[in-house]
Amino acid sequence: MTAILTENKLTPNLEFKLSQLFQICRQEGSYCPSYPKDGDIFFALKKSESDSSLAAALILFHLEEDLWEVVALTHPDFRRKGCFRCLLDAAEAFSPNADFVFAVPPKTEPAASVLDSIGAQFWYTEHLMALDSSNMPIFPCKIPDSLSCCIQWPDGCSTAAGMDISACFYSGQTLTASCRLNFSACTEGSVCCIYQVLVPETLRHQGWGFRFFAALLPLLAQKGVLRFVLQVSGDNLPALALYKKTGFRITETLWYYLY
């Protein structure tokens with residue numbers, strides 16, 4: 001078996017074959033995250049010299065120096081045939097000093113058995129949370145004049161698929177909270193992912209996070225956002241409490257393993 005290495009971006013041909021493999025794995029019932037087109041490095045195995053469709057693939061996302069998150073896909077007909085090990089060996093050869101992170105739901109098979117077999121160690125849990133605009137709590141209808149929510153719209157008016165922007169909350173001239181917003185490229189901007197939520201350390205536990213969300217979420221709903229999603233560490237109890245208070249509910253829990 002020969003590993004295919006593609007750096008920086010997918011070729012159209014490999015993207016098509018990865019998409020086929022992704023759909024087969026999802027239909028078979030395997031855990032598959034959203035199709036990872038935006039990976040940084042792609043490793044793949046052809047079924048055979050005469051059949052160029054894919055038996056397996058490994059997609060790496062660069063998190064920080066010597067740390068990569070890994071998404072692995074294996075065709076059901078090629079499991080237990082060494083495909084994953086072959087691709088992991090290729091990834092280790094590519095970045096020999098790296099640590100690799102795998103995210104799977106609790107006790108999901110065959111992922112859990114494979115991770116156990118290679119000696120990957122449990123690291124931490126992370127919750128996926130979501131809120132539909134139709135189920136949004138009733139927040140205060142008016143923001144005091146001393147408070148303002150600023151979103152840096154590129155076009156000044158609306159959400160757009162694939163857009164990634166900043167949102168900030170001010171009290172006078174003081175920045176009290178901020179986050180990044182990414183609008184789903186597959187739903188014409190109707191799904192908004194909220195990430196990098198930050199309240200300055202000196203202002204924490206004073207309600208600024210709740211005020212920020214109370215201003216931000218209705219504003220985005222008015223712009224056409226139908227669903228909000230975010231991720232939070234299972235150990236981050238203050239953030240979990242904030243998100244639940246603003247209407248978010250846990251939809252899935254992922255276990256992260258370090259190899």
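A salt bridge here is a side-chain nitrogen of Lys or Arg within 4 Å of a carboxyl oxygen of Asp or Glu. With that in hand, let's work through a few exercises on this predicted model.

**Exercise 1. Find how many salt bridges the structure holds, and work out which residues form a network of them.**

Solution.
- Step 1: start with the total, which is 4 salt bridges in the structure.
- Step 2: look at helix 2 (residues 83-94), where Asp89 and Arg85 sit 4 residues apart, about one turn of the helix. Their closest N and O atoms are 3.0 Å apart, and they form a salt bridge.
- Step 3: follow Arg85 to another partner. Its side chain also meets that of Glu92 in a salt bridge, at 3.0 Å from N to O.
- Step 4: put the pieces together. Arg85, Asp89 and Glu92 are linked in a network of salt bridges.

**Exercise 2. Classify the members of that network, and then Lys46 and its partner, as buried, partly exposed or exposed.**

Solution.
- Step 1: recall the cut-offs: buried is under 20% relative accessible area, exposed is over 50%, and partly exposed lies in between.
- Step 2: apply them to the network. Asp89 has 38% relative accessibility, so it is partly exposed. Arg85 at 33% is partly exposed, and so is Glu92 at 27%.
- Step 3: turn to Lys46, which forms a salt bridge with Glu49, the closest N and O atoms being 4.0 Å apart. Lys46 is partly exposed at 30%, whereas Glu49 is exposed at 68%.

**Exercise 3. Trace how strand 10 pairs with strand 9 and with strand 11, and give the handedness of the β-α-β unit.**

Solution.
- Step 1: strand 9 (residues 174-183) and strand 10 (residues 191-198) run antiparallel and are joined by 5 bridges. Within this pairing, Arg180 has Tyr195 of strand 10 as its bridge partner.
- Step 2: strand 10 and strand 11 (residues 227-233) run parallel, with 3 bridges between them. Here Val191 is partnered by Arg227 in strand 11.
- Step 3: add helix 4 (residues 208-222). Strand 10, this helix and strand 11 make a right-handed β-α-β unit.

**Exercise 4. Decide whether Ser190 is buried or exposed, and list its contacts beyond four places in sequence.**

Solution.
- Step 1: locate Ser190 in the loop between strand 9 and strand 10.
- Step 2: its relative accessible area is 16%, so Ser190 is buried.
- Step 3: leaving aside neighbours within four places in sequence, Ser190 contacts Gly224, Val225, Leu226 and Arg227.

Key: Residues are numbered from 1 along each chain as its sequence is written. This is a predicted model: local features need pLDDT of at least 70, side-chain atom pairs count only at pLDDT 80 or more; totals for chains, interfaces and linings use all residues. Side-chain values use heavy atoms; hydrogens and water are left out. Two strands pair if DSSP finds at least two bridges between them. Helices (H or I, at least four residues) and strands (E, at least two) are DSSP runs, numbered from the N terminus. A crossover is right-handed if, with the strands pointing away from the viewer, the path from the first strand over the helix to the second runs clockwise. Buried means under 20% relative accessible area, exposed over 50%, partly exposed in between (1.4 Å probe, protein chains only). Contact means heavy atoms within 4.5 Å.
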